[in-house]
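These are my notebook entries on a structure that I had not examined before. I set down what I looked up, in the order in which I looked it up.

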2 protein chains.
Amino acid sequence: MPPFDLAESDPFGPHNLPYGVFSLPGSVERSVGVRLGDHVLDAGAAARALGSPHAGLLAAPTLGPLLAAGRTVWTQVRRELREWVTSPSHRATVEPLFRPLSAVTLHLPFEVADYVDFYSSEHHARNVGAIFRPDTADTLLPNWKHLPIGYHGRSGTVVVSGTDVVRPSGQRKAPSDPAPVFGPSVRLDIEAEVGFVVGVPSRQGSPVAMSDFREHVFGLCLLNDWSARDLQAWEYVPLGPFLAKSFATSVSAWITPLEALDDARVAPPARTHALLPYLDDASAEPAGYDLRISVAINGHTVSEPPFATMYWTAAQQLAHLTVNGASLRTGDLYGSGTVSGPEPDQRGSLLELTWNGRDPLELPDGKRTFLEDGDVVTLSAWAPGPDGVPVGLGEVSGRVIAG
Amino acid sequence: MPPFDLAESDPFGPHNLPYGVFSLPGSVERSVGVRLGDHVLDAGAAARALGSPHAGLLAAPTLGPLLAAGRTVWTQVRRELREWVTSPSHRATVEPLFRPLSAVTLHLPFEVADYVDFYSSEHHARNVGAIFRPDTADTLLPNWKHLPIGYHGRSGTVVVSGTDVVRPSGQRKAPSDPAPVFGPSVRLDIEAEVGFVVGVPSRQGSPVAMSDFREHVFGLCLLNDWSARDLQAWEYVPLGPFLAKSFATSVSAWITPLEALDDARVAPPARTHALLPYLDDASAEPAGYDLRISVAINGHTVSEPPFATMYWTAAQQLAHLTVNGASLRTGDLYGSGTVSGPEPDQRGSLLELTWNGRDPLELPDGKRTFLEDGDVVTLSAWAPGPDGVPVGLGEVSGRVIAG
């Protein structure tokens with residue numbers, strides 16, 4: 001059977017073991033699944049069959065109970081899973097509990113509590129500054145190097161990969177228009193991001209230090225922060241993006257545990273400004289992640305944003321978002337912000353890739369400035385793993401349909 | 001017994017019947033309660049005792065099931081409750097199910113799904129513009145009269161009245177400072193608002209029209225959007241308020257059903273700009289509410305903001321927040337934005353009341369520009385009801401404690 005006889009180079013081998021939630025055709029029952037190659041292990045059934053003390057956490061319709069259980073349990077469960085899928089003595093028990101990926105439906109794997117989106121790529125922030133404020137000397141705003149800028153988004157419209165995205169309607173107004181007009185967005189864009197999933201809650205009034213990042217954050221996923229640039233330009237002053245973002249945010253179906261990414265940890269870029277103590281990571285463990293993202297439109301790769309270039313790390317983002325005493329809940333999700341590298345073909349949004357529509361992309365099926373109805377956008381990624389074997393992060397995909 | 005022998009002028013008489021969630025001393029069990037005078041009826045117990053078909057909805061630890069049930073059921077349950085607390089034939093059954101308010105603990109009555117905050121008082125927006133942009137000719141930004149400006153806040157830090165609020169720490173930077181400094185906010189403020197509670201969900205991709213407001217929104221509460229002005233000034237460009245607001249938002253324990261406020265419906269202010277069709281309420285039923293709010297610091301009234309002066313109505317806010325296809329969930333909460341009237345003693349924030357600290361308030365216990373540790377802020381309100389009897393909206397109160 002394939003799950004036990006995987007190629008050693010398979011990016012979804014026993015070194016990876018991401019978590020998701022699946023159902024079988026004709027059933028409404030949802031189960032926690034663990035991906036191995038192109039198969040899904042029914043983790044709750046395996047835990048029960050093998051008498052695991054964690055069967056209660058895994059035999060659930062969402063990842064919620066596992067997320068809430070904390071780092072010690074996360075490590076124990078991961079160790080058990082690894083044994084189940086590698087030890088010949090368990091093979092006869094476990095093998096019947098695998099399903100081909102092609103035979104299951106994948107669901108949003110946890111209930112999103114609060115959703116926050118950051119803005120932590122310096123290249124992205126500078127590109128946006130150069131596009132929208134071409135006459136200013138510094139393309140970065142004064143606060144950008146002092147804190148990870150972020151805002152809250154709509155958690156109720158986070159959807160799993162594969163969900164169609166309806167083109168949003170709303171108000172837009174070009175500077176030359178006498179009044180705003182209403183209609184479907186004509187500048188629908190993507191933002192290639194990584195999402196971090198909080199497991200362990202924190203108490204209101206008690207900040208979470210950078211050093212406690214791994215005690216609270218379970219893992220990460222890919223995230224597409226769909227954005228209607230025309231709606232955003234008209235609405236965002238002074239309280240930030242609202243309808244331009246709230247219609248949909250897509251996440252990958254697989255949550256990769258941080259422990260699968262230990263070989264991908266890298267130091268973030270050198271800091272050019274002194275940081276306040278709660279954000280100062282000069283003497284901390286490397287908290288960046290070397291994730292290699294690809295952005296494809298209709299199967300054609302248009303960009304390869306390198307996550308290692310992000311200025312602010314997920315540990316800094318967590319420390320910042322709680323430093324005012326804001327509490328964490330199981331299921332909180334925070335996005336990194338658009339990932340853009342220094343090169344033109346490493347930009348994580350069409351806004352940047354086409355320089356606000358000035359330089360259309362040439363795709364096999366025609367030119368693109370922003371997205372057209374029917375376009376399928378797919379973000380995928382991998383990270384360096386042990387012994388040179390990549391860790392697959394799966395993909396987040398969505399098709400634009402007319403509003 | 002008091003609940004049955006209330007004065008006819010009691011603002012919490014049978015014409016009101018707001019919903020909350022309470023527990024008894026020494027018990028963790030939460031129950032849906034309905035307020036009558038200074039007492040709480042155990043609504044689930046009453047429903048069971050009287051064989052109501054809605055006992056399942058009311059015998060719950062939150063208002064969630066009732067909120068999700070929809071307008072027809074809301075009307076039926078309200079009619080039943082009214083009969084139970086007024087008909088002499090039910091008195092012997094119902095009277096033992098009342099508890100004095102002073103003997104119960106009130107809880108956050110529903111799980112907040114997404115929290116959105118608007119900015120819909122023209123007087124507030126003009127005051128803010130005049131304070132922060134004194135040199136501009138128009139104190140309103142160009143988009144303000146075309147759409148209800150709003151943003152998403154943190155739903156996980158919404159707390160019930162009576163919860164202490166820890167003064168948040170964070171970064172601030174005066175224009176003259178060479179770099180940001182970190183510490184407890186020195187400009188902690190309030191925003192007097194009204195919160196609207198969504199009951200019936202909507203489907204992603206399907207906007208909700210203004211005319212469907214009462215099919216989706218169950219009722220309203222009082223809301224204090226605590227704000228750290230110094231954190232806000234430094235962080236909010238370009239993505240809006242984040243840590244300045246996310247540490248705490250307080251709501252009243254009682255949710256007043258819209259049906260209790262039919263006598264308070266008023267037309268909103270005259271529209272000075274043509275509105276796009278999805279927001280045009282020229283021929284709609286009056287969708288404003290004549291709610292009279294009081295703001296008190298340590299028991300001393302400092303302002304009386306009139307909700308009837310709000311430019312954008314809750315129906316317009318709902319239509320706007322879904323016009324891009326964003327879905328609604330049971331438990332979504334949206335705030336009106338700071339309520340400020342045209343007069344200086346009708347302003348809903350200390351920012352405005354002290355004109356950014358220039359004109360301190362004289363309180364019996366000393367001057368105030370912004371809040372001091374130990375200050376207790378209480379918003380209370382009432383609305384015109386049937387036969388000239390006011391509808392009490394209760395209060396939302398919170399004490400500032402040192403961070």
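The entries below concern a predicted model and go from the pairing of the chains to the cores and one loop residue.

**Entry 1: the two copies.** I first superposed the chains. Chain B can be laid on chain A by a turn of 180° with a shift of 0.0 Å along the axis, and the RMSD is 0.0 Å. The two copies are thus related as by a two-fold rotation axis. I then asked which residue of chain B comes closest to the rotation axis. I found Gly240(B), whose C-alpha is at 2.1 Å.

**Entry 2: the interface.** I looked up how many residues each chain brings to the contact, and noted 54 residues from chain B and 54 residues from chain A. Together the two chains bury about 5,100 Å², and 60% of this is on carbon and sulfur atoms. Arg154(B), Leu239(B) and Phe242(B) supply 16% of the area that chain B buries against chain A, more than any other three residues.

**Entry 3: polar links across the interface.** I noted 2 salt bridges between chain B and chain A. In one salt bridge the side chain of Asp332(B) meets that of Arg154(A), at 2.9 Å from N to O. I also noted 28 residue pairs in polar contact across this interface, with both residues at pLDDT 80 or more. Several elements of chain B each supply at least two residues of the side that touches chain A, among them β6 (115–118), α8 (229–235) and α10 (314–322). The element that gives the most to this side is β7(B), with 4 residues.

**Entry 4: the nonpolar cores.** In soluble globular proteins, nonpolar side chains tend to be buried together. I therefore looked for such groups here. The largest nonpolar core has 152 residues, and those with the most contacts inside it are Phe213(A), Tyr334(A), Phe213(B) and Tyr334(B). A second, separate core has 39 residues, including Val73(B) and Val251(B). I also looked up the surroundings of Tyr334(A): beyond its neighbours within four places in sequence, its contacts include Phe118(A), Phe196(A), Phe213(A) and Leu318(A).

**Entry 5: a loop residue.** Is Asp375(B) buried or exposed? I found Asp375(B) in the loop between β24 (366–368) and β25 (376–383) of chain B. Asp375(B) is buried, with a relative accessible area of 2%. The side chain of Asp375(B) has a polar contact of 3.0 Å with that of Asn298(B). Setting aside neighbours within four places in sequence, I listed further contacts of Asp375(B), among them Ile297(B), Arg368(B), Gly398(B) and Val400(B).

Conventions: Residues are numbered from 1 along each chain as its sequence is written. Chains are lettered from A and ligands numbered from 1 in the order in which they are written. This is a predicted model: local features need pLDDT of at least 70, side-chain atom pairs count only at pLDDT 80 or more; totals for chains, interfaces and linings use all residues. Side-chain values use heavy atoms; hydrogens and water are left out. A nonpolar core is a set of buried Ala, Val, Leu, Ile, Met, Phe, Trp, Tyr and Cys residues joined through side-chain atoms within 4.5 Å. Buried means under 20% relative accessible area, exposed over 50%, partly exposed in between (1.4 Å probe, protein chains only). Contact means heavy atoms within 4.5 Å. Copies are superposed by least squares on the C-alpha atoms of residues with pLDDT of at least 70 in both. A polar contact is a pair of N or O atoms within 3.5 Å; within protein, one must be able to donate a hydrogen and the other to accept it, and residues adjacent in sequence count only if both atoms are side-chain atoms. Buried area is the accessible area (1.4 Å probe) that two parts lose on being put together, summed over both. A salt bridge is a side-chain nitrogen of Lys or Arg within 4 Å of a carboxyl oxygen of Asp or Glu.
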